[in-house]
Amino acid sequence: MYRLLLTLLILVGCGDPKKEVPQLEKKLFSVEAKERSKAALRLGRIGSPHGVRAVPTLIRLLGDENPGVRSAAAYALREIDTPHARAALDAHRHLK
């Protein structure tokens, strides 16, 4: 079943999350805001369990200078939805 799902995801343009997530994590550190934002959005679409490893970096991006990056990071954290991600989002909301 997993192989069928993986094959379908590849056919519709989604890569193997195990390979894609580490590449996306690196892009979260890009000097280009657009790259950071796109990577965060993609991690949100990947979600759990694969995106969980990016949660600490996504939390850091809640304080990014670019509002689009901050928004993308918040989206990703909501979609990944771990207790750590929820706590960071709650704390961030209370800072505003």
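**Exercise 1.** Decide whether D81 is buried, partly exposed or exposed, and describe its place and backbone.

*Solution.* Begin with the relative accessible area of D81, which is 42%. Buried means under 20% relative accessible area and exposed over 50%, with partly exposed in between (1.4 Å probe, protein chains only). D81 is therefore partly exposed. Next, locate D81 in the loop between α5 and α6, where helices are DSSP runs (H or I, at least four residues) numbered from the N terminus. Finally, D81 has a positive phi of about 55°, although it is not a glycine.

This is a predicted model, in which local features need pLDDT of at least 70, side-chain atom pairs count only at pLDDT 80 or more, and totals for chains, interfaces and linings use all residues. Residues are numbered from 1 along each chain as its sequence is written, and side-chain values use heavy atoms, with hydrogens and water left out.

**Exercise 2.** Describe helix α5, its start and its buried residues.

*Solution.* Helix α5 covers residues 67-80, and its 14 residues reach 20 Å from the first C-alpha to the last, close to the 20 Å expected at 1.5 Å a residue (1.5 Å times one less than the number of residues). At its start, a side-chain oxygen of N66 reaches to within 2.7 Å of the backbone nitrogen of G68. The buried residues of α5 include V69, L77 and I80, and what covers the buried residues of α5 includes α3, α4 and α6.

**Exercise 3.** Relate K34 to V69.

*Solution.* K34 is found in helix α3 and counts as exposed, at 63% relative accessibility. K34 and V69 are 35 residues apart in sequence and 7.6 Å apart in space, C-alpha to C-alpha.

Definitions and conventions
Helix = DSSP H or I, 4+ residues; strand = E, 2+ residues; numbered from the N terminus. Contact = heavy atoms within 4.5 Å. Polar contact = N/O pair within 3.5 Å; in protein donor to acceptor, adjacent residues only side chain to side chain.
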